[in-house]
Amino acid sequence: MIDGLVKLVIGKVSPDNLHGIVAIVKIGGETIKHSVWDGLLLTSLISIDLAIINLLPIPALDGGYIMFIILEKILRRPLNEEITENISK
């Protein structure tokens, strides 16, 4: 997952290679037809990928809130609520 994100950012992987929920469901269905165990492994991989994405320092995600907390600890004061709200929108 992390390797894929890095390759996407530096341009080694085209955004055309990204797929949405329809492709995920199609691949998941084919995987479960092959083996229920493989389907469970795919489900766990998707869960781990979502956890990684959720921890990115994007303001609307949990990683964004963690980033704000770290900034408050570094600055040793609360951040301006109006600014953090505007960033989080």
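1. A salt bridge here means a side-chain nitrogen of Lys or Arg within 4 Å of a carboxyl oxygen of Asp or Glu. In this predicted model, that rule gives a count of one salt bridge. The partners are D3 and K7, whose closest N and O atoms sit 3.3 Å apart, so the pair falls inside the 4 Å limit.

2. Why are D3 and K7 separated by about one helical turn? They are four residues apart in helix α1, which covers residues 2–10, and that spacing puts about one helical turn between them. As a general point, an α-helix has 3.6 residues a turn, so residues three or four places apart point the same way. Neither end of the bridge is buried: D3 is partly exposed at 49% relative accessibility, and K7 is also partly exposed, at 32%.

3. Next, the surface. I21, V22, I24, V25, I46 and L50 make up a nonpolar patch, and together they have about 580 Å² of accessible area. Helices α2 and α3 are the elements that give two or more residues to the patch. The largest share comes from α2, with four residues. If you want one member to look at, try I24: this residue is in helix α2 and has a relative accessible area of 37%, so I24 is partly exposed.

4. Staying with α2, which spans residues 21–34, E30 is also found in this helix. With a relative accessible area of 46%, E30 is partly exposed, because the exposed class only starts over 50%. For a sense of distance, the C-alpha atoms of E30 and V6 are separated by 28 Å, with their positions 24 residues apart along the chain.

5. Helix α3 is worth a quick geometry check. Its 19 residues should span 27 Å at 1.5 Å a residue, and the end C-alpha atoms are indeed 27 Å apart, so the two figures agree. The N-terminal end of α3 is capped by S35, which has a side-chain oxygen 3.2 Å from the backbone nitrogen of W37.

6. Inside α3 (residues 36–54) you will find S44. Is S44 buried, partly exposed or exposed? Its relative accessible area is 34%, so S44 counts as partly exposed. The C-alpha atoms of S44 and I10 are separated by 27 Å, and the two residues are 34 apart along the chain.

7. R76 is one to look at on a Ramachandran plot. This residue is in the loop between α4 (62–75) and α5, and its phi is near 60 degrees, a positive value in a residue other than glycine. Most residues other than glycine have a negative phi. R76 is exposed as well, with a relative accessible area of 78%.

8. Last, T84, in helix α5 (residues 81–88). At 16% relative accessibility T84 counts as buried, because the cut-off for that class is under 20%. What does the side chain of T84 reach? It reaches the backbone oxygen of E81, at 2.9 Å. Setting aside neighbours within four places in sequence, T84 is in contact with F68 and L79.

Note on methods. Residues are numbered from 1 along each chain as its sequence is written. This is a predicted model: local features need pLDDT of at least 70, side-chain atom pairs count only at pLDDT 80 or more; totals for chains, interfaces and linings use all residues. Side-chain values use heavy atoms; hydrogens and water are left out. Buried means under 20% relative accessible area, exposed over 50%, partly exposed in between (1.4 Å probe, protein chains only). A polar contact is a pair of N or O atoms within 3.5 Å; within protein, one must be able to donate a hydrogen and the other to accept it, and residues adjacent in sequence count only if both atoms are side-chain atoms. Contact means heavy atoms within 4.5 Å. Patches are made of residues with over 30% relative accessible area and no salt bridge: like charges are joined within 9 Å, nonpolar side chains (Val, Leu, Ile, Met, Phe, Trp, Tyr) within 5 Å. Accessible areas come from the Shrake-Rupley method with a 1.4 Å probe; for residues, only the protein chains shown count as cover. The expected span of a helix is 1.5 Å times one less than its number of residues.
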